2 protein chains.
Amino acid sequence: MEHTKFEKIALIGIGLIGSSLARVIRRNDLADHIVVATRSAETLSDAQALGLGDSYTTSNAEAVADADLVIVSVPVGSSAAVAEDIAAHLKPGAIVTDVGSTKASVIEQMRPHMPVGVHFIPGHPIAGTERSGPSAGFAELFEGRWCILTPLEGTDPDALERLTRFWQACGSTVEAMDPAHHDMVLAIVSHLPHIIAYNIVGTADDLEAVTKSEVIKYSASGFRDFTRLAASDPTMWRDVCLHNRDAILEMLSRFSEDLASLQRAIRWGDGDKLFDLFSRTRAVRRSIVEAGQDVDAVDFGRQATRLPGE
Amino acid sequence: MEHTKFEKIALIGIGLIGSSLARVIRRNDLADHIVVATRSAETLSDAQALGLGDSYTTSNAEAVADADLVIVSVPVGSSAAVAEDIAAHLKPGAIVTDVGSTKASVIEQMRPHMPVGVHFIPGHPIAGTERSGPSAGFAELFEGRWCILTPLEGTDPDALERLTRFWQACGSTVEAMDPAHHDMVLAIVSHLPHIIAYNIVGTADDLEAVTKSEVIKYSASGFRDFTRLAASDPTMWRDVCLHNRDAILEMLSRFSEDLASLQRAIRWGDGDKLFDLFSRTRAVRRSIVEAGQDVDAVDFGRQATRLPGE
């Protein structure tokens, strides 16, 4: 583990992911010094109250001075601004990585600013919850989760190896992937589900014939499952939609095409077609549980909930 | 509680709902005798092995003889066939109810067969899991859940009161609703979410550019939430789609209209519109948690999952 430890890690952005990193770095002793940077004075003061770092600053430039690992954990639309901030202040030999949910756009925004002699290796830990902000993080967030790195051509193998070991020390299993393929995979497994969840919750919220209180009262019959994803951070998800546009539009168009066909089967009473689809999808859940990517418990292992006053 | 107890309850159908009823009736001593009926000899033998009833039969007609409460828990498309089976054998004064997810269609299928002097009161407990069959049931399923009754004009108040007390004794809170309104409410809170979940899992399963194993590996980033609903009983959901067609088509059309507008915002980079929607939906989840209809825990309180071999 010795070579895994960094002298100084700069965390740029201290939301759910940044603050979970701060906690696991501390717990597993992965750095001598953690510097926390965020542009919001209020968030910085929250982070300080939580004791997440060894030093704190609202200046990204100041944060990266002397850092041998810089982890950018901001909404992907802010990547270019951060890269501009830090470019002139990076230590030669430093590793710069990020945790953004889209990779081609982050690379396009950051790479032009990265000086020679700095190792820029984009990354994406496949981990999260519906909560956000510095208080939402926890040290176990990355345990048992995948972390995808999308190294660019000519990446220094030692730097890649060191970053890989860092993520492993956080509890993750690391995979390398081409950035464009990453964006396609995430569009279907993450971006489309979030967009669909936001959309259905919006549709329900807009109805006149069914009251909001009815939607809420009877939500345990299915609807509530979607509200978790639809409670995710709006800024983060706005940026994902804007910065993985092509892959998302492709997946949305396939989804809508399939939905139109399903709608037609419902309209014309094609029971066999409905039954075939509804049977096939059952197998997918089984595979996910078998792969250890979801709990085997009924209803996600939710503890029974009670009606108010009971 | 005395008046709540029935002499003989006939359970027609012994899947998730029927078998949960059997268990709670037994545990809370709500009947002197439980007769279990299902047309499948194999399912009946499973129910017998589990000790769910006092007597067992594959004949619906036989089951209802002398029963003072008959609960039909079959896929809604089988309602007419069951009504025909039992009509001539019902005891005068018996209460006949059901648990189907659509009400107008069940009423249309069953009411014409119900003899004078029998109290037909359609119902729908808003409770379930993604599992099915007699072994999937449990006595606590209805606790803290709503049960909607859709009594028809001229319903005997004593019979309604007795059925209401029965569901309360199972742990539910009972609400009365007009059948057409029920079908509209359930279309948005339950039927649309299931159809959307089935559809997105189908779309992901069909991709060529992203492998099935990638979909499964990275499913914790959002996709897995949908697979629970998409693992629900295919026969039950085929029948729901076929028997609540108009309300479902109405909701699907609103959903698709909203999705087209969201897709346009993504295509044209309208970040404000995306941010507005994504912020509004967060409040809906808060209301559901406050109403006691979902757990307050992060990520549904899922226990951490592990990668295989870790």
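Tutor: Buried area is the accessible area (1.4 Å probe) that two parts lose on being put together, summed over both. Between chain A and chain B it is about 11100 Å², and carbon and sulfur atoms give 64% of that area. This is a predicted model, in which local features need pLDDT of at least 70 and side-chain atom pairs pLDDT 80 or more, while totals for chains, interfaces and linings use all residues. Residues are numbered from 1 along each chain as written, chains are lettered from A and ligands numbered from 1 in written order, and side-chain values use heavy atoms, without hydrogens or water.

Student: How many residues of chain A are in contact with chain B?

Tutor: Contact means heavy atoms within 4.5 Å. On chain A 113 residues take part, and they meet 113 residues of chain B.

Student: How many salt bridges are counted between chain A and chain B?

Tutor: Side chains of opposite charge can pair when their charged atoms come close. A salt bridge requires a Lys or Arg side-chain nitrogen within 4 Å of an Asp or Glu carboxyl oxygen. The count between chain A and chain B is 18, and the structure holds 52 over all chains. One of the salt bridges joins Asp296(A) to Arg131(B), with the closest N and O atoms 4.0 Å apart. Asp296(A) lies in the segment after H12 of chain A, and Arg131(B) in the loop between strand E7 (123-125) and strand E8 (146-149) of chain B. Another links Arg280(B) with Asp206(A), at 3.1 Å between the closest N and O atoms.

Student: At what angle do H7(A) and helix H12 of chain B pack?

Tutor: Helices (H or I, at least four residues) and strands (E, at least two) are DSSP runs numbered from the N terminus. H7(A) and H12 (residues 271-290) of chain B pack at about 70°, their axes 9 Å apart. H7(A) is therefore roughly perpendicular (65 to 115 degrees) to H12(B).

Student: Which residues make this contact?

Tutor: H7(A) contributes Tyr198(A), Val201(A), Gly202(A), Asp205(A) and Asp206(A). From H12(B) come Leu277(B), Phe278(B), Arg280(B), Thr281(B) and Val284(B).

Notes. Axes fitted to C-alpha atoms, helices over the stretch in contact; angles between N-to-C directions. Parallel < 35°, antiparallel > 145°, perpendicular 65-115°, else oblique.
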